Amino acid sequence: MNRINIANNNGIRNIGIIAHVDAGKTTLSERILFYTGESHRMGEVHNGAAHMDFDPEERRRGITINSAATTVHWRGAQVNLIDTPGHIDFNIEVGRALRVLDGAVVVLDGVAGVEPQTETNWRLADRHEVPRIVFVNKLDRTGADFERVLASMRERLGVQAIPVHLPIGPEAEFRGVVDLVRMRALLWERDDASQPAQETAIPADLFAHAEAARARLLEAVVEHDDAALEAWLRGEEPSVELLQRAIRAGVLKRAFVPVLAGSAFRNRGVEPLLDAVVDWLPAPGEREGATTDLASAPLAALAFKVVADEHGSMVFVRLYAGRLRRGDSVLNTSTGHMERAARLYEVHADKRVERDELVAGEIAAVVGFKDTLTGQTLSDPKHPVQLESIAVPEPVIHMALEPRTKADQQGLSKALQSMLREDPSLRVRQDEESGQTILSGMGELQLEVAVHKLQERYGVGVVVGRPQVAYRETISTAAELVHVHKKQTGGPGQFAQLTLRVEPLERGAGVQFESRIVGGAIPREFIPAVEAGVRRAAEAGPASGYPAVDFRAVLLDGAFHERDSSAMVFELAASHALRDAFAKARPQLLEPVMAVEVITPTDYLGDVIGDLHRRRGHVRAHDVRGTATVVDALVPLKEMFGYISTLRALSSGRAQYTMQFDGYQAAPRAVAELAAA
């Protein structure tokens, strides 16, 4: 695809707000809507009135489940904003948002600092090379410590965290920030959002600290702008304009991360954050250093989210090049099918504004795309392109669903297909033995929300089985065997002989296949069939019925018959050979293990750690964070079902926890025997 000119798109910012659950990003989004004039009433998460959490399930639970898009305007710039969930079960929403965004605001809790989901989201943003700025929120809370948050960023994220603000006033006395770029103080004496910040001189007791912090800021950023560096080397103070330009250049290179301070709930620090978004985060195409006109190039767009409602499907797209007009027919290059854009919408949370045309750099929604799914590319039929798709994580937990009535049977199938279009991290399959429908996902909460949606949105009655762990199996040693498949019937027979070796690989390596056939022992056209047979047997679980992973199958030798051999026969032989080889290679069961972080008052620390040990947990560390203790542990997923009830009972309701998938580990014999039963 041609390189892109950003000249016509300097006024657009495509950004996401990402954070750990409860860091306050939805509250921040509500303030952004208010300060930019897009709403005249600030919705609050705690009373179920947030504009961005408009789904009934979100309001009932008080958390963000679906990423919500809106468009606001600030200082002449159009800011397309996506508010993402913070809970690990809905991490697919963060991943697909970061795939199409140009920049991100990472929100950190001023007390907790960098939390587990922050680390996960940060790695996702690294993968997509998304420039970031950080907003340290909740600095008015007891235990808030701006310097400790900076230290946790450097330690846990491995980044150069450069403060551009210093907070004025500790904890409940937090009333403003020192702007280190302009060396002025911004004070909010009241929580009233209609009152702008008062700009004053820096308080005398903070001036020395501010001068030292500004010196570190200059040292870090001036090298990214020649004029600013020349001024600094001459011993002069770079102008505010030069400093802003240098910060922007460094952010685009991801050389450092500017850190701002505030309290969204108390309406402090929101306007400076909006200024930072416009001043420092990139416009469309700017990260790529593009040079040709973006809008006049052939259409190239990526579908990154599908939403289904009573009116049909709405597909969210990011336009990377070209224009999309209402009524246009475009090519889905991922499927080869043509699609028609019946209607175009600018989306404001749960409200829509119809558009006649979308231009490169914009994020919007399209109605009329019948078969387009998440991660697929849409392009000009005369100039087809293929954009990088969106990675979908493998599920680690599943539950059985059975319709209550015959009428529910048809409704269940239709509803599940609609839900899978919306959320590709959900998977559905039919259990061959029981005939049950198996729904798989990333965690208990995601499956619980999915079942509630089936019942409330789609009116489908289901009987739900207890969540089950998604085990895997692998081998612990190498094994080699010769397998002969020979069958004689009245007509042509079946013959295939192969020598197969299986070898264990490191965790996360998946399934690998290698052929070392020489001299035509097996015709080349049969070798893909051997690989297909190996992979088919691996999916079915050669030893205990669970998918096999982390091994290499090597085809060493074989023999064939001119008349009785075929691709189908070799595929069947490879499938049986893999099962036999697994039996010789000391198969073992793998279970998913979760990284668990428990935040508890110190009084309950012993009970919490004792309970984690009873759950076969391994406590890696525990540290003091403010007035609480944070326990970091690895615990098998099987042992975490229903943990929240136990934790509340142990701590009188005062402790909380989060967990995310860490990896697969070998399960103890007792667990393996129970899983195989």
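Which strands does helix α13 (residues 567-584) lie across? Keep that question in mind as you open the viewer. What you are looking at is a predicted model.

**Stop 1: a sheet of 4 strands**

Select residues 567-584 to light up helix α13. Helix α13 lies across β30, β31 and β33, and its direction is at about 40° to β31. Now add the strands themselves. They belong to an open sheet of 4 strands with mixed pairing, in the order β30-β31-β33-β32. At the edges you will find β30 (479-487) and β32 (511-515); each has a single partner strand, so one side of each has no neighbour in the sheet. Turn the view a little and look at the twist: on average, neighbouring strands of this sheet are turned by 25° against each other, direction ignored.

Next, pick out residues 494-504 and 551-559, which are strands β31 and β33. The two pair in the antiparallel sense, over 8 bridges. To see one partnership up close, select R501 and then V554 in β33, its bridge partner. Strands of a sheet pair through backbone hydrogen bonds, so the backbone is the part to display here.

Another helix also packs on this sheet: select residues 527-540 for α12. Helix α12 touches β31, β32 and β33, and its direction makes about 155° with that of β32.

**Stop 2: a sheet of 7 strands**

Move on to another open sheet, this one with 7 strands and mixed pairing. Follow the strands in the order β3-β4-β2-β5-β6-β12-β7. The edge strands are β3 (68-74) and β7 (161-163), each of which pairs on one side only. From one strand to the next, the twist averages 30°.

Which way do β2 and β5 run, parallel or antiparallel? Select residues 12-19 and 103-109 to check: these strands run parallel and are joined by 5 bridges. Within them, I17 has V105 of β5 as its bridge partner.

Now bring in residues 25-35, helix α1. Helix α1 lies across β2, β3, β4 (77-83), β5 and β6 (132-137), and runs at about 150° to β2.

**Stop 3: aromatic pairs**

Show the side chains of F34 and Y35. The structure holds 7 aromatic pairs, and F34 and Y35 form one that is edge-to-face, at 6.0 Å centre to centre with 85° between the planes. F34 counts as partly exposed because its relative accessibility is 23%, whereas Y35 counts as buried at 14%.

Then jump to F661 and Y664. Their ring centres are 5.5 Å apart and their planes stand at 70°, so this pair is edge-to-face too. F661 is partly exposed, at 34% relative accessibility, while Y664 is buried, with a relative accessible area of 18%.

**Stop 4: charges over rings**

Select R318 and Y320. The charged end of R318 sits over the ring of Y320, 4.6 Å from its centre. For another example, try R352, which lies over the face of Y345 at 5.4 Å from the ring centre.

**Stop 5: positive phi angles**

Finish in the loops. Find E129 between α4 (116-127) and β6. E129 is not a glycine, yet has a positive phi of about 55°. Its relative accessible area is 47%, so E129 is partly exposed.

Where is E171? Look in the loop between β8 (165-168) and β9 (176-179). E171 also has a positive phi, of about 45°, although it is not a glycine. At 32% relative accessibility, E171 counts as partly exposed.

Technical notes:
Residues are numbered from 1 along each chain as its sequence is written. This is a predicted model: local features need pLDDT of at least 70, side-chain atom pairs count only at pLDDT 80 or more; totals for chains, interfaces and linings use all residues. Side-chain values use heavy atoms; hydrogens and water are left out. Rings of Phe, Tyr and Trp (its six-membered ring) pair if their centres lie within 6.5 Å; planes under 30 degrees apart count as stacked, over 60 as edge-to-face and the rest as tilted. Buried means under 20% relative accessible area, exposed over 50%, partly exposed in between (1.4 Å probe, protein chains only). A charge sits over a ring if NZ of Lys or CZ of Arg is within 6 Å of the ring centre and within 35 degrees of the ring normal. Two strands pair if DSSP finds at least two bridges between them. Axes are lines fitted to C-alpha atoms, for helices over the stretch in contact, and angles run from 0 to 180 degrees between N-to-C directions. Contact means heavy atoms within 4.5 Å.
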